[in-house]
Amino acid sequence: MTWKDILKMCLRNLRRRKSRTLLTVLGVLIGCCSIVIMVSIGIGTKVAQEEMLAEMGDLTIITVMVPNMGNDQTKLDDAGIRTIAQIPNVIAVSPKISPDELFNDIYFKIYAGIGDRYINDWLPVAAYDSSSLEKLGFKLMDGAYPANTKGVLVGEMFAYNFRDSYRPEGSNRVDRYANIDFENFDMDQLKNNMPDPYFNPLTAPLTLVLEKEGIAKYSIPLETTGRIKEDYNKGYETSEGILLDLAFLEQILKDSGAAKNTTEKKSYQNALVKVDHISKVAEVEKEIKRLGFDTRSMESIRKPMEKEARQKQLMLGGLGAISLFVAAIGITNTMIMSISERTKEIGIMKALGCYVKDIRLIFLTESGIIGFLGGVVGNIVSLIISLVMNFVSEGAGGSKISIIPLWLIGFAVVFSIFIGVGSGYYPANKAVKISALEAIKSD
């Protein structure tokens with residue numbers, strides 16, 4: 001018998017018993033839906049967790065720190081920076097200097113506008129290698145990256161941290177939360193509904209002032225080239241502060257007399273490391289720690305959450321698989337009943353000289369078709385259920401609760417066929433063992 005003959009015979013046999021076939025397919029459909037929906041909820045939970053972490057900062061950034069009990073071998077100097085940059089999967093490395101970590105008596109202020117009308121009394125400042133900013137993942141909101149060492153980037157909320165010296169106290173600041181509905185608060189609503197600040201930080205003149213004991217010691221105009229997206233994993237300066245080039249900050253500190261030996265020391269307390277993929281962060285951190293440095297990243301938060309999400313996926317997938325195995329019992333029962341009803345047919349096929357393998361293949365194909373139909377229709381129903389669940393969840397202000405990737409659809413169909421063929425194996429073997437003579441004589 002050819003495959004075409006076997007397929008025609010199988011489809012004809014399944015159509016003859018439509019009610020039984022439909023009920024058996026329904027069992028597989030329910031099992032397939034269960035496993036797809038359960039696993040998709042697990043995937044949706046994992047993606048929601050990653051999106052939540054991504055809002056907190058860049059997941060591929062590692063902060064390198066000199067340990068408190070460090071020695072000369074763990075000094076984070078230029079040679080140490082180059083060593084870290086040579087670690088596999090590291091895209092970029094930059095030292096990070098925060099003046100407030102170096103000097104407790106030096107304070108930074110910044111003035112903006114004509115006549116220094118607007119004043120920022122508290123200014124987070126950090127210095128990086130400006131040529132590495134783009135590679136480190138600092139994202140621009142407006143403007144461009146610095147073209148030279150004197151260019152400055154400001155944080156996303158930089159302009160909202162100023163007070164208007166011409167207005168009375170209490171009404172001299174822009175309230176960025178004025179238009180926010182806190183009962184239905186979300187970050188996108190905050191950024192889309194903020195009132196305009198007093199000035200545009202990319203066009204208004206800015207002057208940086210160093211103060212010591214409340215007395216201005218040094219001032220310098222700033223050349224602002226761009227505004228960056230806030231990312232607290234990189235530093236608070238990405239929100240309300242400014243980013244300078246290392247050489248520019250060292251020159252400012254030297255010219256102001258705040259630090260005479262800054263350029264001579266060339267040793268840093270912190271550095272930022274950018275990794276090419278989130279899956280390599282733990283591996284790179286391990287290598288950095290081997291060099292004697294301390295590290296900090298989102299990996300310590302992400303890893304337990306990923307483990308929890310994976311456990312949920314396995315648990316939910318296991319519950320769905322139980323339903324599919326119950327459907328397998330239904331397929332076995334259906335095929336056994338079909339054999340008992342078709343005993344004479346089996347005997348005639350044997351008497352006509354049909355191969356045993358062809359008879360076995362007929363019943364395995366029938367059970368496989370049942371599994372295939374249940375898997376295909378089950379995936380369609382699962383997609384509809386997933387769309388409804390996501391529509392309700394997003395309508396309530398949440399994120400997608402169910403995500404069905406293509407690999408899950410393919411897996412569900414293949415698994416359903418496997419369950420169908422596997423369930424039909426025992427009935428098929430039972431069919432080929434029937435004696436042709438006894439089968440023909442039976443009523």
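How much space lies in the largest cavity? The largest cavity holds about 80 Å³, and the structure in question is a predicted model. The count of cavities of 30 Å³ or more comes to 2. The points below cover these cavities, a pocket, the nonpolar cores, a buried lysine and two residues with positive phi.

**Largest cavity**
- The lining consists of Asn-13, Leu-14, Arg-17, Arg-20, Thr-21, Thr-334, Met-335, Ser-338, Arg-342, Glu-366 and Ile-370.
- Four helices each supply at least two of these residues: α1 (3–16), α2 (18–56), α10 (299–341) and α12 (356–395).
- Helix α10 has the largest share of this lining, with 3 residues.
- By residue class, the lining of the largest cavity splits into 3 nonpolar, 4 polar and 4 charged.

**Second largest cavity**
- About 40 Å³ of space lies in the second largest cavity.
- Around this space are Lys-46, Gln-49, Glu-50, Leu-53, Arg-302, Met-305 and Glu-306.
- Both α2 and α10 supply at least two residues each to the lining of the second largest cavity, and α2 gives the most, with 4 residues.
- The lining of the second largest cavity comprises 2 nonpolar, 1 polar and 4 charged residues.

**Second largest pocket**
- The second largest pocket has a volume of about 340 Å³.
- It is lined by 17 residues, of which Asp-100, Trp-122, Leu-123, Pro-124 and Val-125 are the closest to the centre of the pocket.
- Two elements, α4 (99–102) and β4 (106–112), give two or more residues to this lining.
- The pocket lining divides into 10 nonpolar, 2 polar and 5 charged residues.

**Nonpolar cores**
- The largest nonpolar core has 46 residues, and those touching the most other members are Ile-84, Phe-108, Leu-208, Ile-242 and Ile-288.
- Helix α7 (residues 246–256) provides the largest share of this core, 5 residues.
- A second core, separate from the largest, has 35 residues and includes Val-28, Ile-359, Ile-362 and Ala-428.
- Apart from neighbours within four places in sequence, Ile-84 is in contact with Val-64, Leu-76, Val-90, Val-93, Val-273, Ile-288, Leu-291 and Phe-293.

**Lys-96**
- Lys-96 belongs to strand β3 (residues 90–96).
- Is Lys-96 buried or exposed? Lys-96 counts as buried because its relative accessible area is 14%, and the cut-off for buried is under 20%.
- A polar atom of the Lys-96 side chain lies 3.0 Å from the backbone oxygen of Lys-234.
- Neighbours within four places in sequence aside, the residues in contact with Lys-96 are Ala-126, Ala-127, Tyr-128, Lys-234, Gly-235, Glu-237, Asn-270 and Ala-271.

**Residues with positive phi**
- Most residues other than glycine have a negative phi.
- Asn-89 is not a glycine, yet has a positive phi of about 75 degrees.
- Asn-89 sits in the loop between α3 (78–85) and β3.
- With a relative accessible area of 25%, Asn-89 is partly exposed.
- Asp-116, also not a glycine, has a positive phi of about 55 degrees.
- The loop between β4 and β5 (118–120) contains Asp-116.
- Asp-116 is classed as partly exposed, at 35% relative accessibility.

Note on methods: Residues are numbered from 1 along each chain as its sequence is written. This is a predicted model: local features need pLDDT of at least 70, side-chain atom pairs count only at pLDDT 80 or more; totals for chains, interfaces and linings use all residues. Side-chain values use heavy atoms; hydrogens and water are left out. Buried means under 20% relative accessible area, exposed over 50%, partly exposed in between (1.4 Å probe, protein chains only). A polar contact is a pair of N or O atoms within 3.5 Å; within protein, one must be able to donate a hydrogen and the other to accept it, and residues adjacent in sequence count only if both atoms are side-chain atoms. Contact means heavy atoms within 4.5 Å. A nonpolar core is a set of buried Ala, Val, Leu, Ile, Met, Phe, Trp, Tyr and Cys residues joined through side-chain atoms within 4.5 Å. On a 1 Å grid over the protein atoms alone, a cavity is a set of points where a 1.4 Å probe fits but cannot get out, and a pocket is an open set with protein on both sides within 12 Å along at least five of seven lines; lining residues have an atom within 4 Å of a point. Grid points are joined across faces, edges and corners, and a volume is the space filled by probe spheres set on the points. Ala, Val, Leu, Ile, Met, Phe, Trp, Tyr, Cys and Pro count as nonpolar, Asp, Glu, Lys and Arg as charged, and the others, Gly among them, as polar.
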